[in-house]
Amino acid sequence: MKKLVVAIAFVMAASPALAISRYNALNMSCQAARAAIHNEGAVILRYPSKRVSGMTLFDRYIRNSNYCDPNQYAEWTTIPTKDNPRCRVLNCQNIDNLDGMFIIPNYSL
């Protein structure tokens, strides 16, 4: 039993971390932000609020609906980046937000 625990500990230590990457959107171009999302599947981007001084906003942005929970879908939104104040990216939205639509959009970055 002790050998099994040690073996599991080694396997877990050797496996790659499942952490999500975090980036400051204002330090990236729109193209770089979109490339990071596309290459990694999902990232967290943070940026300053335009309404509240000193407040930082952040969210998880994704490549497509496969990175959302089953009751969510990928929807277009915009974030500010170094070169574009309205860079188009995808994030997860609840299916309840579809307002009675029968077809769930299938957007991909």
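How many bridges join strand S3 to strand S5, and in which relative direction do the two strands run? In this model, which is a predicted one, 2 bridges join S3, residues 56–62, to S5, residues 87–94, and the two strands run antiparallel. One residue pair to look at here is isoleucine 62, whose bridge partner in S5 is leucine 90.

Stepping back to the sheet as a whole, 5 strands form an open sheet with mixed pairing, and their order is S1-S2-S3-S5-S4. The edges are taken by strand S1, at 21–24, and strand S4, at 72–79, each of which pairs on one side only, and from one strand to the next the twist averages 40 degrees. Helix H2, residues 30–40, packs on this sheet, where it touches S1, S2, S3, S4 and S5, and its direction makes about 150 degrees with that of S2.

Let me turn now to the disulfides, of which the count comes to 2. In one of them, cysteine 30 and cysteine 87 have their sulfur atoms 2.0 Å apart, and with 80 degrees about the S-S bond this link is right-handed. Because cysteine 30 lies in helix H2 and cysteine 87 in strand S5, the pair ties together parts that are 57 residues apart in sequence.

A disulfide also joins cysteine 68 to cysteine 92, with an S to S distance of 2.1 Å; the torsion about its S-S bond is about -95 degrees, and therefore it is left-handed. Here cysteine 68 sits in the loop between S3 and S4 and cysteine 92 in strand S5, 24 residues apart. Cysteine 68 and cysteine 92 are both buried, and cysteine 30 and cysteine 87 are buried too. Counting the bonded cysteines along the chain, the pattern is 1-3, 2-4.

Conventions. Residues numbered from 1 in each chain as written. Predicted model: local features only at pLDDT ≥ 70, side-chain atom pairs only at ≥ 80, totals over all residues. Heavy atoms only, no water. Pairing = 2+ DSSP bridges. Helix = DSSP H or I, 4+ residues; strand = E, 2+ residues; numbered from the N terminus. Axes fitted to C-alpha atoms, helices over the stretch in contact; angles between N-to-C directions. Contact = heavy atoms within 4.5 Å. Disulfide = S-S within 2.5 Å. Buried < 20%, exposed > 50% of the residue type's maximum accessible area, 1.4 Å probe, protein only.
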